[in-house]
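Here is a short exchange between a student and a tutor about the space inside a protein and the ligand it holds.

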Amino acid sequence: MRAAVVERFGGPETVAIADRSRPEPADDELLVRVRASTVSIADHRLRTREVPRGLGLLVGPAIGFRRPRHAVLGMEAAGVVEAVGSRVTRFAPGDEVILMRGARFGCHAEYVTVAEGGEIARKPANLSFEEAAAVIFGGHTALRYLDLVDLGPGSEVLVNGASGAVGTAVVQLAARRGARVTAVTSGRNAEFVRSLGADDVIDYTREDFAAAGPGPRYDVIVECVGNAPFGRVGRLIRPGGALLLVIADLAGMIGAAVRPRRRGILVNQAGGSMGAGGMARLSELAEAGDLRPVIDRTYDLHDIVEAHRYVDTGRKRGSVVVRVG
Ligand SMILES: NC(=O)c1ccc[n+]([C@@H]2O[C@H](COP(=O)([O-])OP(=O)(O)OC[C@H]3O[C@@H](n4cnc5c(N)ncnc54)[C@H](OP(=O)(O)O)[C@@H]3O)[C@@H](O)[C@H]2O)c1
């Protein structure tokens, strides 16, 4: 099968299309023909070894020390079940599915395997494979974090990094739960994030939201950029509120350990798990239109180097899709 392969850390040019042997599904696994995946920030991190400050050693085992731990990148896929193991009962060849392999990667290839009991669900019927692939990475992360808090009408949520894959999903899902959403992004994305459900927009190139006047004003801050640790933004959060650290460096993690508790603020940097049924919920939200795909650009697998190059700019809106088969 064709796969995009990365054998050493480096720039986009380290990615090459190669022949790999097709994986064989175990008894409890499905073999899925990948139709679409995305190049995400996770692929960028694994390819470049660029991780938040202080976390190099901590994430080394997951990313690899001398070369990328996984030669085939791609955390998630939308595709068609090609074959099933003897113990699989809920899926059959021909089923259209979405799946998340997460830190096991491997989706930038024509075929992947996934356990029936793992993160797999029916593809939203109303979405193309490209669109379905575009909701998985950000939607999965957004759901995991938003499930940690109670949001409803009257809740005030700030999303830092509202135009990325995660931010666009958080804005949509938080707005859908009735929260009033403030989106932090650059001016060029202001109308775009409003179209996703943001009520207010702060252009970070003109205004530092963390420097805003005294007093807590948000119930939840969702940090998707890496510049808003508790030490900078904690005073903006109401007692009983939460700082959801989708991304943090080592200092940010340590700073989150003690001080927030005294003020009754939840700081979570792990996101927890979607648990059983999480992918099905994601699929249902997408099918209902509560989580719409945001596709910035689409590339064919043979142009994946260009896709990586674009993701490396750090400017993508939502997802960069790779059409695989
Ligand atoms: N903990 C987890 O499980 C988990 C899961 C997924 C992702 N993550 C992390 O979450 C972060 C976000 O991921 P992502 O996929 O959303 O990234 P992404 O799609 O690559 O984010 C790109 C967006 O970030 C915006 N941005 C850049 N600098 C900004 C700033 N200073 N303030 C506000 N917005 C800014 C850009 O908007 P402009 O062009 O307007 O600047 C762009 O639209 C990454 O660091 C990733 O590693 C963690």
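The questions below deal with the cavity and then with the ligand.

Student: What kind of model is this, and how are residues numbered?
Tutor: This is a predicted model, in which local features need pLDDT of at least 70 and side-chain atom pairs count only at pLDDT 80 or more, while totals for chains, interfaces and linings use all residues. Side-chain values use heavy atoms, without hydrogens and water, and residues are numbered along each chain, as its sequence is written, from 1.

Student: How much space lies in the largest cavity?
Tutor: A cavity is a set of points, on a 1 Å grid over the protein atoms alone, where a 1.4 Å probe fits but cannot get out. Points are joined across faces, edges and corners, and a volume is the space filled by probe spheres set on them. The count of cavities of 30 Å³ or more comes to one. The space in the largest cavity is about 70 Å³.

Student: Which elements give two or more residues to the lining of the largest cavity?
Tutor: Lining residues have an atom within 4 Å of a point, and the largest cavity has 14 of them, with A134, V135, A165, T168 and V294 nearest its centre. Helices (H or I, at least four residues) and strands (E, at least two) are DSSP runs, numbered from the N terminus. The elements asked for are α3 (129-146) and α4 (165-176).

Student: Why does the largest cavity lie between two domains?
Tutor: Domain bounds come from an automatic or database domain assignment. The cavity lies between the two because its lining takes residues from both domain 1 (2-137 + 277-323) and domain 2 (149-268).

Student: Which element gives the most to the shell around the ligand?
Tutor: A residue is near the ligand if one of its heavy atoms lies within 4 Å of it. At least two residues of the shell come from each of α1 (41-48), α3, α4 and β9 (180-185). With four residues, the element that gives the most is α3.

Student: How far is an N or O atom in the side chain of Y204 from an oxygen atom of the ligand?
Tutor: A polar contact is a pair of N or O atoms within 3.5 Å. For S163, a polar side-chain atom lies 2.7 Å from a ligand oxygen atom, and for K316 a backbone N or O atom lies 2.6 Å from one. For Y204, the distance is 2.4 Å.

Notes:
1 Å grid on protein atoms, 1.4 Å probe; cavity = no way out; pocket = protein on both sides within 12 Å on 5 of 7 lines; lining within 4 Å. Polar contact = N/O pair within 3.5 Å; in protein donor to acceptor, adjacent residues only side chain to side chain.
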